[in-house]
2 protein chains.
Amino acid sequence: MAKIDIKGLARELNISASTVSRALRDSHEISKATIDKVKALAEKLNYQPHPYAGSLRKNKTKTIGIVVPEVSNNFFAKVFSGIEVVAQENNYHALIYLTHDDYDKEKSILRHLESGRVDGVILSIASNTVDHQHIEALIEAGIQVVFFDRIGESFSSTKITTDDYNSAYKATVHLIEQGCKKPLHITRFLHQTNTKYRKKGFVQACKDYHLPIADNWVLELNDNVVVESTLADILKSKDKPDGIFSAVETLSLYPYKVCKDLGIKMPEQLKFVSFSNMDAASFLVPALTTVTQPAFEIGKAAAASLFQLLEKKKRGVPIIDNIFPSTLIVRESSLK
Amino acid sequence: MAKIDIKGLARELNISASTVSRALRDSHEISKATIDKVKALAEKLNYQPHPYAGSLRKNKTKTIGIVVPEVSNNFFAKVFSGIEVVAQENNYHALIYLTHDDYDKEKSILRHLESGRVDGVILSIASNTVDHQHIEALIEAGIQVVFFDRIGESFSSTKITTDDYNSAYKATVHLIEQGCKKPLHITRFLHQTNTKYRKKGFVQACKDYHLPIADNWVLELNDNVVVESTLADILKSKDKPDGIFSAVETLSLYPYKVCKDLGIKMPEQLKFVSFSNMDAASFLVPALTTVTQPAFEIGKAAAASLFQLLEKKKRGVPIIDNIFPSTLIVRESSLK
DNA sequence: CTTTTTTGCGGAAACGTTTTCGGCTTAAAA
DNA sequence: TTTTAAGCCGAAAACGTTTCCGCAAAAAAG
């Protein structure tokens, strides 16, 4: 089955390539008769336009780049699903890149994307990137960028987030109302925007409820290998916490493990709430109280915003800050 | 910052575009001096080649398509991670498409990929596709295809799977050895290759251990909304099973739910083993005994095979059937 | 000192589209 | 009858590369 191209169709029909091209796109300059002829033959020969030839000429790729830390993670996986659904609806293609939370990788990926491979990028910043020059360069090169979850605050681009501060505040208040006097906040990479605001919410709730918050009430646990021992040490200490609020899903299973090892009863002796999109949350024992982000919706919103920016036809200023509320799902792990 | 292209570099250096092109690729036809000059300027001006121009000319895209049912699923997410790692190592780009287990979507995606957007495709077939013409057409169009997990047996392409039959056999034997006399096999979409062989393994194990296997020992549960009630009915019946072996991760939480609702004690009254890549498996109560597939390795192998096919330089017949063993991880849910 | 080979480079075609420009008919308007 | 307009289409340029072909000068061989 020889590949058929526009010239082939033109030859077959004894008309010019330009006419074929126009006919396929329903140009008003072409007679109905010709359009029908062309389309019929294209259908018959299973003509598929070469995407890159068109991209090159039109300087439009109809593809976006998705740059995220990882995807074996319920949150990112669901965000991605949301993006993908909207992308398919709009006939866009999605290139996906994982930074593995590595700044250098993120830099090289974004640098590569400056060159016209994509029209826009949906980005969630790696946990250890601090400076943002590579992102600036990308935008400078004319690529639209939409942020989600881990955003670059200094940019004027669209940002999709959840109400990190409020969700964290509410989760903390919940712990306090269930009787916690010494909640511990465990988190990661506090220079990120999302975790930063979650911490603020935690701290503010403690203050508002007159808990004498100390420095060691907030624990930044970036290194996987020490999480368990660190947590164990704290839970064995004399002034141990009576509740834990985790800002990230990746820390949500450790307390179970440590409690089991140390014979600490949850929730009686230790109440626990975690940000999480884990499906199994309600099957843990005790079932995990979660702050869950509307990941799928966030993905859809990010994609929708990006396409709106790319297809400038729709007037109206694009929504810059799009905040989706997270919901606190109370289960057994936090109840008195 | 105006975009710089090869012609721009050429003009700047008073040499021809072809020389620049060759210099950038370290052609032996170009003097060391010129090469250095060109590269220095390219570096200075942050030259990035336009990917699609090159693809068009060379008829090589350096991008692959990944077509999978979904990605909010631990198995597929990890496979994808594996693919992505190898892709980045080889400087390939990955377009990802989700079929959402929909045959029509899969058909239209593959049809689109015939047109030269990718060099090859890594595919795991949607659960409800029965005929394979769209895949044949893709291969016919000159696109290399590598299958994993849900494969097309009739194709001579590379296939990456796990030892479905043996793993299922072993898991079933494990249940029997723990005392099960009436194991129930729950599964989905038995026309798929993977589930088909898992069922065979289950059946054979029952036979080998002289259990009088009946038709209702295998239950195909394709519709999410009836899973719970169906399972409940069975577990309430007089000749209820004393063990369950699930062939798919997506069914691995239902038994917990139903047991809780019906007051059935697991594992005392009902033992349970499931195929699963869930991180939380050991945190469920009782901790879930799993057959876990080396998802990340499968992804890496799929990508590696594909790239080997694409870069024909490496001689030697490519490995056609690549079978990765799964491991049975015994936890509490299946112990007597 | 001539002939051949090698080295280093430029011109132009090619990849498959889209789009600009222009031209030719025929019909409508003047 | 002449002018204008409308309708329909073709030739060629353009997008940014790579590569085929050819050619001059220098080096090697004779």
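This report describes how two DNA strands meet the protein chains in a predicted model, and then turns to a patch on the protein surface.

The model is predicted, so local features need pLDDT of at least 70 and side-chain atom pairs count only at pLDDT 80 or more, while totals for chains, interfaces and linings use all residues. Residues are numbered from 1 along each chain as its sequence is written, chains are lettered from A and ligands numbered from 1 in the order in which they are written, and side-chain values use heavy atoms, with hydrogens and water left out.

**DNA strand C**

Around DNA strand C there are 26 residues, of which S21(A), R57(A), T19(B), E29(B) and T34(B) are the closest; a residue is counted as near a strand if one of its heavy atoms lies within 4 Å of it. This surface divides into seven nonpolar, ten polar and nine charged residues, where Ala, Val, Leu, Ile, Met, Phe, Trp, Tyr, Cys and Pro count as nonpolar, Asp, Glu, Lys and Arg as charged, and the others, Gly among them, as polar. Of the atoms of DNA strand C within 4 Å of the protein, 57% belong to sugar or phosphate, and the rest belong to bases.

**DNA strand D**

DNA strand D is surrounded by 25 residues, and T19(A), R22(A), E29(A), S21(B) and R57(B) come nearest. By class, seven of the residues on this surface are nonpolar, nine are polar and nine are charged. Sugar or phosphate accounts for 59% of the atoms of DNA strand D within 4 Å of the protein, with bases making up the rest.

**Polar contacts with the two strands**

The table gives polar contacts, which here are pairs of N or O atoms within 3.5 Å.

| Residue and its atom | DNA atom | Distance |
|---|---|---|
| I6(A), polar backbone atom | phosphate oxygen, strand C | 2.9 Å |
| E29(B), side-chain N or O | base nitrogen, strand C | 2.8 Å |
| S31(B), polar backbone atom | phosphate oxygen, strand C | 2.8 Å |
| S18(A), side-chain N or O | base nitrogen, strand D | 3.4 Å |
| S31(A), backbone N or O | phosphate oxygen, strand D | 3.0 Å |
| R57(B), side-chain N or O | base oxygen, strand D | 2.4 Å |

**A nonpolar patch**

On the surface, L328(A), V330(A) and L335(A) form a nonpolar patch that has about 200 Å² of accessible area together. L328(A) is placed in strand β12 (residues 327-329) of chain A, and L328(A) counts as partly exposed because its relative accessibility is 32%, the class in between buried (under 20%) and exposed (over 50%), found with a 1.4 Å probe and protein chains only. Patches are made of residues with over 30% relative accessible area and no salt bridge, with nonpolar side chains joined within 5 Å and like charges within 9 Å; a salt bridge is a side-chain nitrogen of Lys or Arg within 4 Å of a carboxyl oxygen of Asp or Glu. Accessible areas come from the Shrake-Rupley method, and strands are DSSP runs (E, at least two residues) numbered from the N terminus.

Conventions: Areas by Shrake-Rupley, 256 points an atom, 1.4 Å probe, with all protein chains shown as cover. Helix = DSSP H or I, 4+ residues; strand = E, 2+ residues; numbered from the N terminus. Polar contact = N/O pair within 3.5 Å; in protein donor to acceptor, adjacent residues only side chain to side chain.
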